[in-house]
Amino acid sequence: MNPQRRLLLATATQLSAAATLFQAGTALAQAGGASLPSSAATEAKAPPLPAPGTLLPLPEVPLLDGTVFRPDQAEGQVLVIYWWASTCPFCAQQSPEIQKLWLSQRDKGPRRLQLLTLSIDRTREEALAYLQKKGYTFPTGFVTPAIQRVLPKPKGLPITLVRGRDGKLLQSEKGQMFPEDVELLTRWV
């Protein structure tokens with residue numbers, strides 16, 4: 001991604017996150033609360049993006065379509081992992097590109113780019129309703145504590161990681177990727 005575009009996107013992402021935390025803090029103060037909401041508290045504790053070359057373990061993930069993603073499905077394959085939420089404006093811009101990526105890869109056989117997306121919505125039902133409303137068919141799981149223990153979501157949203165055939169991280173991105181950048185993920189196949 002062009003450095004100027006990356007800086008603009010990072011700034012916009014930080015402003016959005018700050019506004020969200022400000023709104024949560026204001027609502028909490030008005031309600032007389034003493035701590036951040038659980039989603040903001042979880043985000044505050046989230047780890048940074050892992051560095052390229054980091055071994056990336058995979059959990060078993062029940063998918064919203066009733067199937068299950070098993071770690072052995074990704075053995076020897078390139079896997080894109082994408083965290084999103086239906087309420088995230090940057091995810092709303094990137095998810096259509098993730099859908100196009102999924103459609104371009106799903107029927108390419110065993111050497112295709114695999115995809116696992118993880119919703120951090122408040123409920124499975126919210127995530128499923130959003131997928132259905134938008135017509136998205138990419139494989140989606142709902143983040144649970146069990147998934148978080150094995151594969152914790154890094155700080156920020158959306159998050160896109162590319163795991164190589166050897167299980168090590170090839171690329172990590174925090175914030176919205178532009179269409180041409182999502183398309184470039186296929187270079188890892």
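The overall fold, the second largest pocket, the cysteines and the surroundings of one arginine are described below for a predicted model.

The chain contains six helices and seven strands. Along the sequence these elements are arranged as α-α-β-β-β-α-β-α-β-α-β-β-α. The chain comprises 189 residues, and 42% of them are buried. Among contacts with a separation of 6 or more, 71% are formed by residues 24 or more positions apart. The exposed surface of the chain amounts to about 10200 Å². Carbon and sulfur atoms account for 58% of this area.

The second largest pocket encloses about 170 Å³ of space. Its lining consists of 13 residues. Those nearest the centre of the pocket are Leu63, Gln73, Trp102, Leu115 and Pro139. Two elements, strand 2 (68-69) and strand 4 (113-119), each give two or more residues to this lining. Strand 4 supplies the largest share, with three residues. By residue class, the lining of the second largest pocket is made up of seven nonpolar, four polar and two charged residues.

No disulfides are present in the structure. Two cysteines, Cys88 and Cys91, were examined for solvent exposure. Cys88 has a relative accessible area of 7% and is therefore buried, as this value is under the 20% cut-off. The relative accessible area of Cys91 is 1%, so Cys91 is likewise classed as buried.

Arg124 belongs to helix 4, which spans residues 124-134. With a relative accessible area of 34%, Arg124 falls between the limits of 20% and 50% and is therefore partly exposed. When residues up to four places away in sequence are not counted, Arg124 touches Leu63, Leu64 and Phe142. One of these partners, Leu63, is also among the residues that lie nearest the centre of the second largest pocket. Phe142, another residue touched by Arg124, is 18 residues from Arg124 in sequence. The C-alpha atoms of Arg124 and Phe142 are 6.1 Å apart in space.

Methods: Residues are numbered from 1 along each chain as its sequence is written. This is a predicted model: local features need pLDDT of at least 70, side-chain atom pairs count only at pLDDT 80 or more; totals for chains, interfaces and linings use all residues. Side-chain values use heavy atoms; hydrogens and water are left out. Helices (H or I, at least four residues) and strands (E, at least two) are DSSP runs, numbered from the N terminus. Buried means under 20% relative accessible area, exposed over 50%, partly exposed in between (1.4 Å probe, protein chains only). Contact means heavy atoms within 4.5 Å. Accessible areas come from the Shrake-Rupley method with a 1.4 Å probe; for residues, only the protein chains shown count as cover. On a 1 Å grid over the protein atoms alone, a cavity is a set of points where a 1.4 Å probe fits but cannot get out, and a pocket is an open set with protein on both sides within 12 Å along at least five of seven lines; lining residues have an atom within 4 Å of a point. Grid points are joined across faces, edges and corners, and a volume is the space filled by probe spheres set on the points. Ala, Val, Leu, Ile, Met, Phe, Trp, Tyr, Cys and Pro count as nonpolar, Asp, Glu, Lys and Arg as charged, and the others, Gly among them, as polar. A disulfide is a pair of cysteine sulfur atoms within 2.5 Å.
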